[in-house]
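Trainee: Could you take me through one part of this structure at close range? I would like to look at the charged side chains of the last helix, and to see how that part fits with the rest.

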Amino acid sequence: MCLNDTFRFRERYNSFCGLYSTSKLKGVHAEKINGISQDLQTLRSSLSPLDKMKFGFDHSDLHKGKVLFTATNVNFSYNDKLIWKNNLNFEITSRERIALKGKNGSGKTTLIKLILGKIKPQKGTIYRAENKSIYIDQDYSLLNNKLKVYEQAQQFNTSALQEHEIKIRLNRFLFSKDD
């Protein structure tokens, strides 16, 4: 390589570096970020309120598969009439997601009350592990209408979340600071 070629190489290198200097790269990057941010904001504003809700179910500290509840030949009666045709036999383990389905009067609420220990079975045996749970019944009797949503959430803050963390979680359900 001769001196002339070295000089041309340096010129090309310097001109190449000039095209992609740090300040120019920052500017290009900022423009792209702003464009993407505006596109994202446009998409978010077009979502319905229901689509904006976010759910964050934390994992339990319990190991997977720990038996939390066992029902053996359980039944309950009102006015000496058994609720379920067949006695119930089932087990609930940690990290399970369960849905109760049934017609009105089929015993869904009674079953939940049995699981929570609010009532005792009139037939069969129940094992219930020590755990904390909150159940909001169909009448919302747990809620105090005189309190704001944040104040209600504070009452059930068993994991000592900080104020800002409670507000973030309420915001996920579209509650504002005025609710």
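Mentor: Happily! From the N terminus on, the elements of the protein chain follow the order α-α-α-β-β-β-β-α-β-α-α, which amounts to 6 helices and 5 strands. Please keep in mind that this is a predicted model. Of the chain's 179 residues, 12% count as buried.

Now to your helix, H6, which spans residues 163-172. Side chains of opposite charge can pair when their charged atoms come close. Searching the whole structure gives 2 salt bridges. One of them joins Glu163 to Lys167, with 2.7 Å between the closest N and O atoms. The other partners to look at are Glu165 and Arg169, whose closest N and O atoms are 3.4 Å apart. Both distances can be set against the cut-off, which asks for a Lys or Arg side-chain nitrogen within 4 Å of a carboxyl oxygen of Asp or Glu.

The spacing along the helix is worth following too. Glu163 and Lys167 are 4 residues apart in helix H6, so about one helical turn separates them. Glu165 and Arg169 are also 4 residues apart in helix H6, and therefore about one helical turn lies between these two as well.

How do these four side chains sit with respect to the surface? Glu163 has a relative accessible area of 45%, so this residue is partly exposed. Its partner Lys167, at 41%, is partly exposed too. In the second bridge, Glu165 is partly exposed at 23% relative accessibility, and Arg169 is partly exposed at 26%. For Glu165, a value of 23% can be read against the limit of 20%, under which a residue counts as buried.

Lys167 has a further contact to show you. Besides its bridge to Glu163, Lys167 lies over the face of Tyr150, 5.3 Å from the ring centre.

A little earlier in the chain, there is a nonpolar surface patch of about 350 Å², made by Tyr140, Leu142, Leu143 and Phe156. Leu143 belongs to the loop between strand E5 (123-128) and helix H5 (149-155), and its relative accessibility of 35% makes this leucine partly exposed.

For the aromatic side chains, the whole structure holds 2 aromatic pairs. In one of them, the ring centres of Phe76 and Tyr78 are 5.0 Å apart and the planes meet at 70 degrees, so the arrangement is edge-to-face. The angle settles that label because planes over 60 degrees apart count as edge-to-face. The two partners differ in cover: Phe76 is buried at 8% relative accessible area, whereas Tyr78 is partly exposed at 44%.

Strand E1 (residues 67-75) offers a contrast with your helix, and Asn75 lies in this strand. With a relative accessible area of 0%, Asn75 is buried, and its side chain makes a polar contact of 3.1 Å with the side chain of Asn87. Ala71 has its place in strand E1 as well, and counts as buried at 4% relative accessibility. The C-alpha atoms of Ala71 and Leu114 are separated by 9.3 Å, with their positions 43 residues apart along the chain.

To return to where you started: in helix H6, Glu163 pairs with Lys167, and Glu165 pairs with Arg169.

Methods:
Residues numbered from 1 in each chain as written. Predicted model: local features only at pLDDT ≥ 70, side-chain atom pairs only at ≥ 80, totals over all residues. Heavy atoms only, no water. Phe/Tyr/Trp six-rings, centres within 6.5 Å; stacked < 30°, edge-to-face > 60°. Buried < 20%, exposed > 50% of the residue type's maximum accessible area, 1.4 Å probe, protein only. Lys NZ or Arg CZ within 6 Å of the ring centre and 35° of its normal. Patch = residues over 30% accessible without salt bridge, like charges linked within 9 Å, V, L, I, M, F, W, Y side chains within 5 Å. Areas by Shrake-Rupley, 256 points an atom, 1.4 Å probe, with all protein chains shown as cover. Polar contact = N/O pair within 3.5 Å; in protein donor to acceptor, adjacent residues only side chain to side chain.
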